[in-house]
Amino acid sequence: DENNIFDNKIEKNDIIILEKTSYYNNEKTLLIKLNNELLMRNIEKEENSYKIYTTNKEESISLTNLTIIGKPISMYRKF
């Protein structure tokens with residue numbers, strides 16, 4: 001589902017500048033790889049897993065098998 005990538009008011013043609021990191025350091029929004037899909041999600045670190053919020057914002061899932069790719073530091077939008 002292509003819409004899953006564009007969470008947090010990110011639109012299809014937006015350009016996101018990332019700082020590459022593979023660690024969670026209290027950032028709220030991160031680009032993650034989950035099941036070979038890239039997702040921009042709000043996450044929180046739990047004891048032995050990550051709490052990942054869905055696009056619904058009301059729901060979350062806890063996972064241990066994700067890869068952190070980076071954190072967004074800037075966004076550009078073409079009009």
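A nonpolar core is a set of buried Ala, Val, Leu, Ile, Met, Phe, Trp, Tyr and Cys residues joined through side-chain atoms within 4.5 Å, where buried means under 20% relative accessible area, exposed over 50% and partly exposed in between (1.4 Å probe, protein chains only). Keep that in mind for the tour.

What you have open is a predicted model, where local features need pLDDT of at least 70 and side-chain atom pairs count only at pLDDT 80 or more, while totals for chains, interfaces and linings use all residues. Residues are numbered from 1 along each chain as its sequence is written, and side-chain values use heavy atoms, with hydrogens and water left out.

**Whole chain first**

Turn on the cartoon: you get six strands and zero helices, in the order β-β-β-β-β-β. Strands (E, at least two residues) and helices (H or I, at least four) are DSSP runs, numbered from the N terminus. Of the 79 residues, 29% are buried. Contact here means heavy atoms within 4.5 Å; among contacts between residues at least 6 apart in sequence, 55% join residues at least 24 apart.

**Color by confidence**

pLDDT is the predictor's confidence in each residue, from 0 to 100. The chain averages 79, with 84% of its residues at 70 or more. Select residues 1–7 and you'll see pLDDT below 50; beyond near neighbours in sequence, that stretch has 15 contacts in the model. Among the elements, strand β1 (residues 15–20) has the highest mean, 91, and strand β5 (residues 60–63) the lowest, 78.

**Into the core**

Now select Tyr-24, Leu-30, Ile-32, Leu-34, Leu-39, Ile-43, Tyr-50, Ile-52, Leu-63, Leu-66 and Ile-68: these 11 residues are the largest nonpolar core. The elements giving two or more residues to this core are β2 (29–34), β3 (37–45) and β4 (50–53), and β2 gives the largest share, three. In soluble globular proteins, nonpolar side chains tend to be buried together.

Zoom in on Leu-30. Beyond neighbours within four places in sequence, Leu-30 touches Tyr-24, Leu-39, Met-40, Arg-41, Ile-43, Ile-68, Gly-70, Lys-71 and Pro-72.

**The two tyrosines**

Show Tyr-24 and Tyr-50 as sticks. Rings of Phe, Tyr and Trp (its six-membered ring) pair if their centres lie within 6.5 Å; planes under 30 degrees apart count as stacked, over 60 as edge-to-face and the rest as tilted. The whole structure has one aromatic pair: the centres of Tyr-24 and Tyr-50 are 6.0 Å apart and their planes at 65°, so this pair is edge-to-face. Tyr-24 is in the loop between β1 and β2 and Tyr-50 in strand β4, so the pair ties together parts 26 residues apart in sequence.

Tyr-50 counts as buried because its relative accessibility is 15%. Add Lys-45, which lies over the face of Tyr-50, 4.7 Å from the ring centre. (A charge sits over a ring if NZ of Lys or CZ of Arg is within 6 Å of the ring centre and within 35 degrees of the ring normal.)

**Last stop: Ser-49**

Select Ser-49, in the loop between β3 and β4. Ser-49 is buried, at 13% relative accessible area. Leaving aside neighbours within four places in sequence, Ser-49 contacts Glu-44, Ser-62, Leu-63 and Thr-64. Finish with a distance: the C-alpha atoms of Ser-49 and Ser-62 are 6.2 Å apart, with the two 13 residues apart along the chain.
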